[in-house]
Amino acid sequence: MTSTSHFLINLIGILLLLLIVQFWLNRLHQNPFVTEIVMGLSLSATVVLCMLYPFHTNGGVIFNLRFIPFVLGCLYSHKITSMWLTFLIICLRLMHGLEASWFSCVSLLIFFLITTKLKPFYTNLSMTKKIIISGILMLFMSTWIIVGVKFLFHVPITIELFFSYILIQSFGILLIVYIMESNKEKQSLLYKIIRMEKVEVVSHLAASISHEVRNPLTTTRGFLQLLNESKAIPKAEKGYLTVAIQELDQAERIIRDYLTFAKPAPEEIESLNLKKEIERAINIIVPLANMNIVELSSELESCYIKGNAGLFQQVLVNLLKNAIEAMPSGGTLSILGSVEKTLAKVTIADNGVGMNDLQRNRLGEPYFSTKEIRGTGLGMMVVFRIVESMNGSINVESELGKGTRITLTFPLTPSVEKSNSYIRILN
Ligand code: ADP
Ligand code: MG
């Protein structure tokens, strides 16, 4: 069999195995730990498959496509999985003796270091860039190996072997990365649609129930207030009425939160001074922070954004509250308000419990909460809804056990002073 057809059969095996696993993982919506284990096992199986059916050259050198599962492991899996794959390949390679394997093993260690260094940068790239980078990486690795084998071991390598080894590996990784990434994109789109539908349902419920409940509440509060002012009721018993009124106010507040969903946009839109708004939210949250031994640090730049002050306060307080609640045994909460080109940025970072990918993806979903009875799972939904209505965006970075950093970005508006002076000049 020629080298090209041999490598192509190898590639089909790898593709089939990885695609079946991907399909299965997407269908089940697994938790990250199970995903990691399944990925690790399927990549290990692919490595073994490649190394069991290698291509032998006339010079006695063996070639196979093991770098494809290896690179996928380093770029898409946990560090432990990529270390395991490196170890597995080295063990299988050493079965052919140290003399024949040292170059391959040393190269593998170098590739391991390069790809794991590249991973944090790679993860944040767009799909097209990921395809290009993985292709270039594979082109470099396969050229390194084949040129190294030719010059170090003086093995005759045919033009066909040279090109089929380099091109099939590079093409193979391009194809797999493309399929994996587009699958991921489709999955997240589907997830977004499901989420939007859920929000829609809550929104309708909120609109109808809130209005219906608000009216009797307001009436009851009015009568209680009247009773509270009556001279016929002893002073000691008026305490009960005060508590009842306070509780009704609390119920009214909860309904107002719900109503945020029913309203498509905030009513009174004004120019908000970001620095002042953040300072106000910090003042509200200070007692809670003190209670949880959380240290607050803030660095705020003055700038203006458009929005409704009340709703923006809800966003900030919800985010700050979540950050404090994520640090049950204390920590540092830092708040940064800054200007970048035409954007205002608010970053809220904590070093609390953090979230895994599954939790991070569910953030903003109605009723998603990990706080059992203490949580409602509505706070982040409110945040997403309000920020969206202010033409802003939210970016969440989080690592389990390390902390969470949430960045809000809003378009800047000219300050009040500036727009006044502009009018003055025009006059
Ligand atoms: P609630 O606070 O009532 O649980 P939220 O919508 O405010 O509801 O938050 C939903 C969930 O998101 C929380 O239960 C928590 O698991 C997670 N979460 C939100 N912010 C953070 C954070 N800063 N750190 C860790 N987890 C967070
Ligand atoms: Mg909350």
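# A tour of the predicted model

Start with the whole protein chain: 13 helices and 9 strands. Keep in mind that this is a predicted model. Of the 427 residues in the chain, 42% are buried. Now show contacts between residues at least 6 apart in sequence: 74% of them join residues at least 24 apart. Switch on the surface. The accessible area is about 24,100 Å², and carbon and sulfur atoms account for 64% of that.

**Stop 1: the annotated spans**

Select residues 7–25, 37–55, 67–95, 101–119, 131–153 and 159–180. An unreviewed UniProt entry lists these under "transmembrane region". Zoom in on two of them. Residues 101–119 are 100% helix and 0% strand, with end C-alpha atoms 27 Å apart. Residues 67–95 are 90% helix and 0% strand, and here the end C-alpha atoms are 18 Å apart. Colour by helix and you will find α3 at 67–76 and α4 at 79–94.

**Stop 2: the largest core**

Which residues have the most contacts inside the largest nonpolar core? Select Phe-63, Phe-67, Ile-68, Phe-70 and Leu-72 to see them; the core has 51 residues. Next, show the helices around it. At least two core residues come from each of α1 (3–28), α2 (32–52), α3 (67–76), α4 (79–94), α5 (98–123), α6 (127–153) and α7 (159–229).

Centre on Phe-70. What does Phe-70 touch, leaving aside residues up to four places away in sequence? Pick out Thr-86, Ile-89, Leu-108, Phe-111, Phe-112 and Met-141.

**Stop 3: a second core**

Move along the chain to Leu-272, Leu-311, Phe-312 and Ala-323. They are among the 39 residues of a second, separate core.

**Stop 4: a nonpolar patch**

Go back to the surface. Select Leu-94, Leu-98, Trp-102, Val-106, Ile-110, Ile-114, Phe-140, Trp-144, Leu-152 and Phe-153. Together they form a nonpolar patch with about 850 Å² of accessible area. Which helix supplies the largest share of the patch? Colour α5: it gives 5 residues. Both α5 and α6 supply at least two residues each.

**Last stop: Phe-153**

Click on Phe-153, in helix α6. Is Phe-153 buried or exposed? Neither label fits: Phe-153 is partly exposed, because its relative accessible area is 30%, between the 20% limit for buried and the 50% limit for exposed. Phe-153 is also one of the residues of the nonpolar patch.

Notes: Residues are numbered from 1 along each chain as its sequence is written. Chains are lettered from A and ligands numbered from 1 in the order in which they are written. This is a predicted model: local features need pLDDT of at least 70, side-chain atom pairs count only at pLDDT 80 or more; totals for chains, interfaces and linings use all residues. Side-chain values use heavy atoms; hydrogens and water are left out. UniProt positions are given in the numbering used here, feature names are shortened, and annotations may be inferred rather than shown by experiment. Helices (H or I, at least four residues) and strands (E, at least two) are DSSP runs, numbered from the N terminus. A nonpolar core is a set of buried Ala, Val, Leu, Ile, Met, Phe, Trp, Tyr and Cys residues joined through side-chain atoms within 4.5 Å. Buried means under 20% relative accessible area, exposed over 50%, partly exposed in between (1.4 Å probe, protein chains only). Contact means heavy atoms within 4.5 Å. Patches are made of residues with over 30% relative accessible area and no salt bridge: like charges are joined within 9 Å, nonpolar side chains (Val, Leu, Ile, Met, Phe, Trp, Tyr) within 5 Å. Accessible areas come from the Shrake-Rupley method with a 1.4 Å probe; for residues, only the protein chains shown count as cover. A salt bridge is a side-chain nitrogen of Lys or Arg within 4 Å of a carboxyl oxygen of Asp or Glu.
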